[in-house]
Amino acid sequence: LIVDEGDPFNELLFNKSIENIKSMGIFKSVDSDILDGSQESLKVVNLTVEEQPTGEITLGAGAGTGGTTIGGGIKEKNFLGKGINLNTNLEISESAVKGQFVYSKPNFAYTDNTLFTSVKSSTKDNLKDYGYKVSNTGFSFGTTYEQYENLFFSPEIDVSLEDLSTNSSASNNLKKQEGKYEDFYFNYGLNYDLRDSVYYPTTGSKTTFFQTLPLVSENSEIANTFAFTKYKTLNDSNGMVGRVSLYLKGVHSLGDEDVRISKRAYVPYSRLRGFEKNKIGPIDNEDYIGGNYVSTLNFSTNLPGFFTTVENIDFSYFVDVANVWGVDYSETIDDSNVIRSSTGLALDLKTPVGPLTFSFTQPITKKSTDKTESFRFNL
(Lines give C-alpha, C1' and ligand atoms only; values in the text may rest on other atoms or scores of the structure.)
Protein backbone atom coordinates (compact mmCIF):
# COMPACT_ATOMS: atom_id res chain seq x y z
CA LEU A 1 0.00 0.00 0.00
CA ILE A 2 1.27 3.45 -0.89
CA VAL A 3 -1.00 5.17 1.67
CA ASP A 4 -0.57 4.73 5.42
CA GLU A 5 -2.90 5.13 8.36
CA GLY A 6 -3.12 8.80 9.25
CA ASP A 7 -2.10 10.09 5.80
CA PRO A 8 -4.32 12.62 4.00
CA PHE A 9 -6.57 10.66 1.68
CA ASN A 10 -5.44 10.80 -1.95
CA GLU A 11 -7.56 9.01 -4.54
CA LEU A 12 -4.70 8.68 -7.05
CA LEU A 13 -2.39 7.01 -4.50
CA PHE A 14 -5.26 4.83 -3.31
CA ASN A 15 -5.93 3.58 -6.86
CA LYS A 16 -2.22 2.86 -7.33
CA SER A 17 -2.25 0.89 -4.08
CA ILE A 18 -5.10 -1.26 -5.39
CA GLU A 19 -3.16 -1.87 -8.62
CA ASN A 20 -0.11 -2.92 -6.59
CA ILE A 21 -2.21 -5.53 -4.79
CA LYS A 22 -3.69 -6.84 -8.03
CA SER A 23 -0.30 -7.01 -9.75
CA MET A 24 1.02 -9.44 -7.10
CA GLY A 25 -1.02 -12.16 -8.78
CA ILE A 26 -1.95 -13.93 -5.54
CA PHE A 27 -5.59 -12.78 -5.31
CA LYS A 28 -8.49 -13.76 -7.53
CA SER A 29 -10.37 -10.54 -6.75
CA VAL A 30 -9.67 -7.29 -4.91
CA ASP A 31 -12.63 -5.12 -3.82
CA SER A 32 -12.51 -1.87 -1.89
CA ASP A 33 -14.93 0.43 -0.10
CA ILE A 34 -14.28 3.95 1.21
CA LEU A 35 -16.47 4.91 4.16
CA ASP A 36 -16.78 8.01 6.31
CA GLY A 37 -14.90 7.85 9.59
CA SER A 38 -15.77 9.01 13.07
CA GLN A 39 -14.92 12.57 12.04
CA GLU A 40 -15.54 14.50 8.83
CA SER A 41 -11.81 14.56 8.00
CA LEU A 42 -11.37 10.79 8.47
CA LYS A 43 -11.98 7.92 6.05
CA VAL A 44 -12.19 4.19 6.59
CA VAL A 45 -10.90 1.93 3.82
CA ASN A 46 -12.12 -1.65 3.66
CA LEU A 47 -10.26 -4.10 1.39
CA THR A 48 -11.73 -7.52 0.62
CA VAL A 49 -9.56 -10.04 -1.20
CA GLU A 50 -10.21 -13.55 -2.41
CA GLU A 51 -7.19 -15.80 -2.45
CA GLN A 52 -6.34 -18.13 -5.30
CA PRO A 53 -3.79 -20.90 -5.99
CA THR A 54 -0.43 -19.29 -6.72
CA GLY A 55 1.59 -22.26 -8.00
CA GLU A 56 1.77 -23.25 -11.64
CA ILE A 57 3.28 -26.24 -13.41
CA THR A 58 3.46 -25.87 -17.19
CA LEU A 59 4.42 -28.17 -20.01
CA GLY A 60 3.77 -27.04 -23.53
CA ALA A 61 4.80 -26.62 -27.12
CA GLY A 62 4.78 -23.54 -29.27
CA ALA A 63 4.29 -23.35 -32.99
CA GLY A 64 4.55 -20.38 -35.28
CA THR A 65 6.00 -18.97 -38.42
CA GLY A 66 9.10 -18.03 -36.40
CA GLY A 67 9.76 -21.67 -35.50
CA THR A 68 8.70 -24.29 -32.99
CA THR A 69 9.63 -24.72 -29.34
CA ILE A 70 8.92 -27.14 -26.51
CA GLY A 71 9.45 -26.53 -22.84
CA GLY A 72 8.00 -26.26 -19.38
CA GLY A 73 8.46 -24.73 -15.98
CA ILE A 74 7.39 -24.33 -12.38
CA LYS A 75 6.23 -20.98 -11.00
CA GLU A 76 5.20 -19.94 -7.49
CA LYS A 77 4.06 -16.36 -6.74
CA ASN A 78 3.69 -16.67 -2.96
CA PHE A 79 6.35 -19.12 -1.74
CA LEU A 80 6.07 -19.81 2.03
CA GLY A 81 3.22 -17.29 2.15
CA LYS A 82 5.73 -14.41 2.11
CA GLY A 83 5.17 -13.06 -1.40
CA ILE A 84 8.37 -14.67 -2.71
CA ASN A 85 8.38 -15.33 -6.46
CA LEU A 86 10.05 -18.47 -7.84
CA ASN A 87 10.23 -19.18 -11.53
CA THR A 88 12.12 -21.95 -13.33
CA ASN A 89 11.76 -22.74 -17.01
CA LEU A 90 13.34 -24.71 -19.85
CA GLU A 91 12.91 -24.02 -23.57
CA ILE A 92 14.14 -26.09 -26.52
CA SER A 93 14.02 -24.98 -30.15
CA GLU A 94 15.60 -26.17 -33.39
CA SER A 95 19.02 -24.63 -32.69
CA ALA A 96 18.99 -23.53 -29.04
CA VAL A 97 18.43 -24.77 -25.50
CA LYS A 98 18.03 -22.34 -22.62
CA GLY A 99 16.91 -22.57 -19.01
CA GLN A 100 16.67 -20.20 -16.07
CA PHE A 101 15.81 -20.14 -12.37
CA VAL A 102 14.74 -16.82 -10.83
CA TYR A 103 14.17 -15.91 -7.16
CA SER A 104 12.51 -12.58 -6.36
CA LYS A 105 11.60 -11.24 -2.91
CA PRO A 106 9.49 -8.05 -2.94
CA ASN A 107 9.65 -5.73 0.07
CA PHE A 108 12.85 -7.39 1.31
CA ALA A 109 13.26 -6.85 5.08
CA TYR A 110 10.38 -4.33 4.92
CA THR A 111 12.52 -1.91 2.89
CA ASP A 112 10.18 -1.68 -0.16
CA ASN A 113 13.12 -3.06 -2.16
CA THR A 114 12.85 -6.13 -4.39
CA LEU A 115 15.75 -8.58 -4.08
CA PHE A 116 16.29 -10.96 -6.99
CA THR A 117 18.77 -13.57 -8.14
CA SER A 118 18.86 -15.92 -11.12
CA VAL A 119 20.82 -18.85 -12.52
CA LYS A 120 20.79 -19.39 -16.28
CA SER A 121 22.25 -21.64 -18.96
CA SER A 122 21.91 -21.59 -22.74
CA THR A 123 23.36 -23.30 -25.81
CA LYS A 124 23.06 -22.10 -29.40
CA ASP A 125 24.24 -24.76 -31.84
CA ASN A 126 24.88 -23.47 -35.36
CA LEU A 127 27.78 -25.82 -36.17
CA LYS A 128 25.92 -27.50 -39.02
CA ASP A 129 24.65 -24.33 -40.68
CA TYR A 130 27.24 -21.65 -39.92
CA GLY A 131 30.13 -23.41 -38.21
CA TYR A 132 29.91 -22.18 -34.62
CA LYS A 133 28.41 -23.07 -31.24
CA VAL A 134 27.97 -20.83 -28.19
CA SER A 135 27.38 -22.15 -24.65
CA ASN A 136 26.77 -19.79 -21.74
CA THR A 137 26.29 -20.44 -18.00
CA GLY A 138 25.96 -17.78 -15.36
CA PHE A 139 24.18 -16.23 -12.42
CA SER A 140 23.16 -12.75 -11.34
CA PHE A 141 21.80 -10.97 -8.28
CA GLY A 142 20.50 -7.48 -7.68
CA THR A 143 17.74 -5.29 -6.33
CA THR A 144 15.03 -2.92 -7.52
CA TYR A 145 13.75 0.05 -5.56
CA GLU A 146 11.99 3.38 -6.09
CA GLN A 147 14.73 6.01 -5.96
CA TYR A 148 12.36 8.91 -6.53
CA GLU A 149 8.64 9.08 -7.19
CA ASN A 150 7.90 6.80 -10.19
CA LEU A 151 11.65 6.38 -10.86
CA PHE A 152 12.95 2.86 -10.18
CA PHE A 153 16.64 1.89 -10.00
CA SER A 154 17.78 -1.73 -10.61
CA PRO A 155 21.50 -2.46 -9.99
CA GLU A 156 22.70 -6.00 -10.74
CA ILE A 157 25.89 -8.09 -10.65
CA ASP A 158 26.19 -10.64 -13.49
CA VAL A 159 28.78 -13.43 -13.74
CA SER A 160 28.96 -15.79 -16.73
CA LEU A 161 31.18 -18.38 -18.41
CA GLU A 162 31.01 -18.64 -22.20
CA ASP A 163 32.47 -21.19 -24.62
CA LEU A 164 32.60 -20.30 -28.32
CA SER A 165 33.68 -23.17 -30.58
CA THR A 166 33.95 -23.31 -34.38
CA ASN A 167 34.59 -25.83 -37.14
CA SER A 168 36.08 -25.61 -40.62
CA SER A 169 32.92 -24.10 -42.15
CA ALA A 170 33.00 -21.03 -39.88
CA SER A 171 34.11 -17.69 -41.25
CA ASN A 172 37.63 -16.47 -40.53
CA ASN A 173 36.24 -13.67 -38.38
CA LEU A 174 34.41 -16.15 -36.16
CA LYS A 175 37.44 -18.43 -35.90
CA LYS A 176 39.38 -15.52 -34.41
CA GLN A 177 36.81 -15.31 -31.59
CA GLU A 178 36.96 -19.01 -30.67
CA GLY A 179 37.75 -19.65 -27.01
CA LYS A 180 36.49 -19.53 -23.42
CA TYR A 181 35.43 -16.27 -21.79
CA GLU A 182 34.90 -15.32 -18.15
CA ASP A 183 32.74 -12.22 -17.72
CA PHE A 184 31.96 -10.18 -14.60
CA TYR A 185 29.51 -7.36 -15.34
CA PHE A 186 27.77 -4.62 -13.39
CA ASN A 187 24.38 -3.87 -14.93
CA TYR A 188 21.83 -1.28 -13.95
CA GLY A 189 18.46 -0.10 -15.17
CA LEU A 190 16.38 3.05 -14.75
CA ASN A 191 12.61 2.87 -15.18
CA TYR A 192 10.48 6.04 -15.15
CA ASP A 193 6.83 5.02 -15.25
CA LEU A 194 4.15 7.69 -15.70
CA ARG A 195 1.39 5.44 -17.09
CA ASP A 196 -2.10 5.78 -15.65
CA SER A 197 -2.37 1.99 -15.31
CA VAL A 198 0.00 -0.96 -15.30
CA TYR A 199 -2.52 -3.32 -16.93
CA TYR A 200 -4.26 -1.37 -19.69
CA PRO A 201 -2.66 2.08 -19.93
CA THR A 202 -4.60 4.75 -21.78
CA THR A 203 -2.39 7.79 -21.12
CA GLY A 204 1.10 8.52 -19.90
CA SER A 205 4.54 7.18 -20.79
CA LYS A 206 7.22 4.73 -19.74
CA THR A 207 10.96 5.38 -20.16
CA THR A 208 13.65 2.77 -19.52
CA PHE A 209 17.43 2.80 -19.79
CA PHE A 210 19.66 -0.25 -19.27
CA GLN A 211 23.46 -0.41 -19.34
CA THR A 212 25.93 -3.28 -18.98
CA LEU A 213 29.43 -2.40 -17.76
CA PRO A 214 32.29 -4.96 -17.75
CA LEU A 215 34.23 -5.10 -14.50
CA VAL A 216 36.37 -8.14 -15.43
CA SER A 217 36.19 -9.49 -18.97
CA GLU A 218 38.62 -10.85 -21.54
CA ASN A 219 36.60 -9.18 -24.29
CA SER A 220 35.02 -6.06 -22.82
CA GLU A 221 31.79 -4.81 -24.36
CA ILE A 222 29.54 -2.04 -23.12
CA ALA A 223 25.87 -2.10 -24.15
CA ASN A 224 23.32 0.72 -23.83
CA THR A 225 19.58 0.21 -24.34
CA PHE A 226 16.94 2.95 -24.32
CA ALA A 227 13.19 2.53 -24.75
CA PHE A 228 10.38 5.07 -24.61
CA THR A 229 6.66 4.31 -24.97
CA LYS A 230 3.86 6.90 -25.07
CA TYR A 231 0.15 6.15 -24.70
CA LYS A 232 -2.70 8.48 -25.68
CA THR A 233 -6.47 8.07 -25.72
CA LEU A 234 -7.70 8.78 -29.26
CA ASN A 235 -11.42 8.28 -28.65
CA ASP A 236 -12.97 8.31 -25.18
CA SER A 237 -16.32 6.90 -26.29
CA ASN A 238 -15.06 3.62 -27.71
CA GLY A 239 -11.76 3.24 -25.82
CA MET A 240 -9.37 3.66 -28.77
CA VAL A 241 -5.80 4.09 -27.48
CA GLY A 242 -2.76 4.96 -29.59
CA ARG A 243 0.76 3.82 -28.76
CA VAL A 244 4.16 4.94 -30.07
CA SER A 245 7.42 3.31 -28.98
CA LEU A 246 11.09 4.07 -29.65
CA TYR A 247 13.85 1.50 -29.05
CA LEU A 248 17.61 2.13 -29.38
CA LYS A 249 20.55 -0.16 -28.62
CA GLY A 250 24.28 0.14 -29.14
CA VAL A 251 27.10 -2.32 -28.36
CA HIS A 252 30.75 -1.23 -28.37
CA SER A 253 34.08 -2.81 -27.48
CA LEU A 254 36.17 -0.92 -24.93
CA GLY A 255 39.45 -2.27 -26.30
CA ASP A 256 40.94 -3.38 -29.60
CA GLU A 257 38.89 -6.60 -29.65
CA ASP A 258 35.73 -7.01 -31.70
CA VAL A 259 32.29 -7.43 -30.18
CA ARG A 260 31.64 -11.15 -29.72
CA ILE A 261 28.98 -12.85 -31.86
CA SER A 262 26.95 -13.61 -28.71
CA LYS A 263 26.98 -9.95 -27.62
CA ARG A 264 25.90 -8.33 -30.89
CA ALA A 265 22.53 -6.57 -31.15
CA TYR A 266 19.46 -7.85 -32.97
CA VAL A 267 16.08 -6.28 -33.65
CA PRO A 268 13.59 -7.67 -31.08
CA TYR A 269 11.17 -10.02 -32.84
CA SER A 270 8.11 -8.20 -31.47
CA ARG A 271 9.28 -4.82 -32.78
CA LEU A 272 9.53 -5.70 -36.48
CA ARG A 273 6.70 -7.78 -37.87
CA GLY A 274 6.78 -8.82 -41.51
CA PHE A 275 10.34 -10.15 -41.28
CA GLU A 276 11.66 -13.50 -40.04
CA LYS A 277 13.31 -13.55 -36.63
CA ASN A 278 16.91 -12.24 -36.78
CA LYS A 279 16.93 -12.52 -40.59
CA ILE A 280 17.83 -8.95 -41.46
CA GLY A 281 21.05 -6.96 -41.33
CA PRO A 282 24.72 -7.75 -41.95
CA ILE A 283 25.59 -11.23 -43.27
CA ASP A 284 28.81 -13.18 -42.72
CA ASN A 285 29.17 -16.68 -44.21
CA GLU A 286 25.40 -16.66 -44.95
CA ASP A 287 24.70 -16.07 -41.24
CA TYR A 288 22.80 -12.99 -40.05
CA ILE A 289 25.22 -11.71 -37.41
CA GLY A 290 23.31 -8.74 -36.00
CA GLY A 291 25.01 -5.38 -35.66
CA ASN A 292 26.55 -2.84 -33.34
CA TYR A 293 23.44 -0.65 -33.53
CA VAL A 294 19.68 -1.25 -33.52
CA SER A 295 16.83 1.23 -33.76
CA THR A 296 13.07 0.67 -33.99
CA LEU A 297 9.99 2.89 -34.10
CA ASN A 298 6.54 1.39 -33.62
CA PHE A 299 3.06 2.86 -34.03
CA SER A 300 -0.12 0.99 -33.11
CA THR A 301 -3.70 1.48 -32.09
CA ASN A 302 -6.42 -0.86 -30.99
CA LEU A 303 -9.54 -1.09 -33.16
CA PRO A 304 -12.42 -1.39 -30.67
CA GLY A 305 -15.03 -1.33 -33.45
CA PHE A 306 -14.10 -4.90 -34.45
CA PHE A 307 -15.39 -7.88 -32.45
CA THR A 308 -17.03 -5.59 -29.86
CA THR A 309 -19.22 -8.45 -28.59
CA VAL A 310 -16.28 -10.78 -27.87
CA GLU A 311 -14.27 -9.94 -24.74
CA ASN A 312 -11.38 -12.31 -25.47
CA ILE A 313 -10.38 -10.75 -28.80
CA ASP A 314 -8.18 -7.69 -29.33
CA PHE A 315 -7.77 -6.25 -32.84
CA SER A 316 -5.13 -3.64 -33.72
CA TYR A 317 -3.39 -1.84 -36.58
CA PHE A 318 0.38 -1.25 -36.54
CA VAL A 319 3.32 0.26 -38.42
CA ASP A 320 6.84 -1.01 -37.59
CA VAL A 321 10.10 0.67 -38.64
CA ALA A 322 13.54 -0.76 -37.76
CA ASN A 323 17.20 -0.93 -38.70
CA VAL A 324 20.25 -2.94 -37.62
CA TRP A 325 23.72 -2.00 -38.81
CA GLY A 326 27.42 -1.84 -37.94
CA VAL A 327 30.16 -4.48 -38.39
CA ASP A 328 33.22 -3.64 -36.31
CA TYR A 329 35.32 -6.73 -37.09
CA SER A 330 35.36 -6.51 -40.90
CA GLU A 331 35.50 -3.73 -43.48
CA THR A 332 34.45 -6.05 -46.29
CA ILE A 333 31.02 -6.99 -44.91
CA ASP A 334 28.12 -4.77 -45.92
CA ASP A 335 26.89 -3.11 -42.72
CA SER A 336 23.35 -3.17 -44.21
CA ASN A 337 22.34 0.32 -43.12
CA VAL A 338 18.88 0.19 -44.70
CA ILE A 339 15.53 1.14 -43.16
CA ARG A 340 13.06 -1.75 -42.90
CA SER A 341 9.37 -1.03 -42.46
CA SER A 342 6.04 -2.83 -42.52
CA THR A 343 2.36 -2.34 -41.79
CA GLY A 344 -0.45 -4.70 -40.96
CA LEU A 345 -3.18 -5.97 -38.67
CA ALA A 346 -2.78 -7.99 -35.47
CA LEU A 347 -5.29 -10.23 -33.71
CA ASP A 348 -4.89 -11.49 -30.12
CA LEU A 349 -7.24 -14.25 -29.00
CA LYS A 350 -7.33 -15.62 -25.44
CA THR A 351 -8.24 -19.33 -25.39
CA PRO A 352 -8.33 -22.03 -22.67
CA VAL A 353 -5.06 -23.48 -24.01
CA GLY A 354 -3.26 -20.15 -24.07
CA PRO A 355 -3.10 -16.91 -26.05
CA LEU A 356 -3.21 -17.04 -29.85
CA THR A 357 -1.63 -14.19 -31.79
CA PHE A 358 -1.92 -13.57 -35.50
CA SER A 359 -0.45 -10.80 -37.63
CA PHE A 360 -0.96 -10.09 -41.30
CA THR A 361 1.85 -7.88 -42.54
CA GLN A 362 2.95 -6.16 -45.71
CA PRO A 363 6.63 -5.08 -45.84
CA ILE A 364 7.04 -1.54 -47.19
CA THR A 365 10.82 -1.12 -47.42
CA LYS A 366 13.51 -3.79 -47.18
CA LYS A 367 16.82 -5.04 -48.54
CA SER A 368 17.06 -7.85 -51.06
CA THR A 369 18.87 -10.11 -48.59
CA ASP A 370 16.20 -9.75 -45.89
CA LYS A 371 13.81 -12.64 -45.33
CA THR A 372 10.19 -11.53 -45.03
CA GLU A 373 6.99 -13.13 -43.75
CA SER A 374 3.50 -11.85 -44.51
CA PHE A 375 1.80 -13.98 -41.84
CA ARG A 376 2.88 -14.71 -38.28
CA PHE A 377 1.17 -17.07 -35.88
CA ASN A 378 2.09 -17.99 -32.34
CA LEU A 379 0.44 -20.10 -29.63
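This passage describes the predicted model shown above, moving from the whole chain to its hollow spaces and then to a few single residues.

The overall build of the chain is a good place to begin. Its secondary structure comes to two helices and 20 strands. Along its principal axes, the C-alpha trace spans about 80 × 50 × 35 Å. How does the radius of gyration of the chain relate to that of a compact globule with 379 residues? The globule would have a value near 21 Å, and the chain has 23 Å, which agrees.

The surface and the interior can be described in a similar way. About 21,700 Å² of the chain is exposed, and carbon and sulfur atoms supply 56% of that area. Of the 379 residues, 36% count as buried. The contacts also tell something about how the chain comes together: among those between residues at least 6 apart in sequence, 51% join residues at least 24 apart.

The hollow spaces come next, starting with a pocket. The second largest pocket has a volume of about 1,800 Å³. Its lining is made up of 40 residues, and the closest to the pocket centre are Asn20, Ser23, Asp112, Thr114 and Phe152. Several elements give two or more residues to this lining, namely helix H1 (11-23) and the strands E4 (67-79), E6 (96-105), E8 (132-148) and E10 (179-193). Which element supplies the largest share of the lining of this pocket? That element is H1, with six residues. Sorted by chemical character, the lining of the second largest pocket holds 11 nonpolar, 16 polar and 13 charged residues.

A cavity can be found in the model as well. The count of cavities of 30 Å³ or more comes to one. The largest cavity has a volume of about 90 Å³. It is lined by 13 residues, of which Val267, Glu276, Asn278, Lys279 and Ile280 are the closest to its centre. The lining of the largest cavity divides into eight nonpolar, two polar and three charged residues.

Two neighbouring residues deserve a look for their backbone angles. Most residues other than glycine have a negative phi. Asparagine 285, although not a glycine, has a positive phi of about 60°. Glutamate 286 likewise has a positive value, with phi near 70°. Asparagine 285 is placed in the loop between strand E14 (283-284) and strand E15 (287-288), and glutamate 286 lies in the loop between E14 and E15 too. Are these residues exposed, partly exposed or buried? Asparagine 285 counts as partly exposed because its relative accessibility is 33%, a value between the limits of 20% and 50%. Glutamate 286 counts as exposed because its relative accessibility is 66%, which is over 50%.

Asparagine 285 also appears among the contacts of another loop residue, alanine 170. Alanine 170 is found between strand E9 (151-166) and helix H2 (172-176). With its neighbours within four places in sequence left aside, alanine 170 is in contact with Tyr130, Gly131, Lys175 and Asn285. Its relative accessible area is 6%, so alanine 170 is buried. How far is alanine 170 from serine 140, computed between C-alpha atoms? The two residues are 30 apart along the chain, and their C-alpha atoms are separated by 31 Å.Serine 336 sits in the loop between strand E17 (313-325) and strand E18 (340-351). At 1% relative accessibility, this serine counts as buried. Apart from residues up to four places away in sequence, serine 336 touches Gly281, Pro282, Asn323, Val324, Trp325 and Lys367. One of these partners, tryptophan 325, is 11 residues away from serine 336 in sequence, with 5.5 Å between the two C-alpha atoms.

The last residue in this tour is leucine 356, which belongs to strand E19 (residues 354-365). Leucine 356 has a relative accessible area of 16% and is therefore buried, as the value is under 20%. Between leucine 356 and phenylalanine 377 there are 21 places in sequence and 7.5 Å in space, C-alpha to C-alpha.

Technical notes: Residues are numbered from 1 along each chain as its sequence is written. This is a predicted model: local features need pLDDT of at least 70, side-chain atom pairs count only at pLDDT 80 or more; totals for chains, interfaces and linings use all residues. Side-chain values use heavy atoms; hydrogens and water are left out. On a 1 Å grid over the protein atoms alone, a cavity is a set of points where a 1.4 Å probe fits but cannot get out, and a pocket is an open set with protein on both sides within 12 Å along at least five of seven lines; lining residues have an atom within 4 Å of a point. Grid points are joined across faces, edges and corners, and a volume is the space filled by probe spheres set on the points. Helices (H or I, at least four residues) and strands (E, at least two) are DSSP runs, numbered from the N terminus. Ala, Val, Leu, Ile, Met, Phe, Trp, Tyr, Cys and Pro count as nonpolar, Asp, Glu, Lys and Arg as charged, and the others, Gly among them, as polar. The radius of gyration is taken over C-alpha atoms; the globule rule is 2.2 Å times the number of residues to the power 0.38. Buried means under 20% relative accessible area, exposed over 50%, partly exposed in between (1.4 Å probe, protein chains only). Contact means heavy atoms within 4.5 Å. Accessible areas come from the Shrake-Rupley method with a 1.4 Å probe; for residues, only the protein chains shown count as cover.
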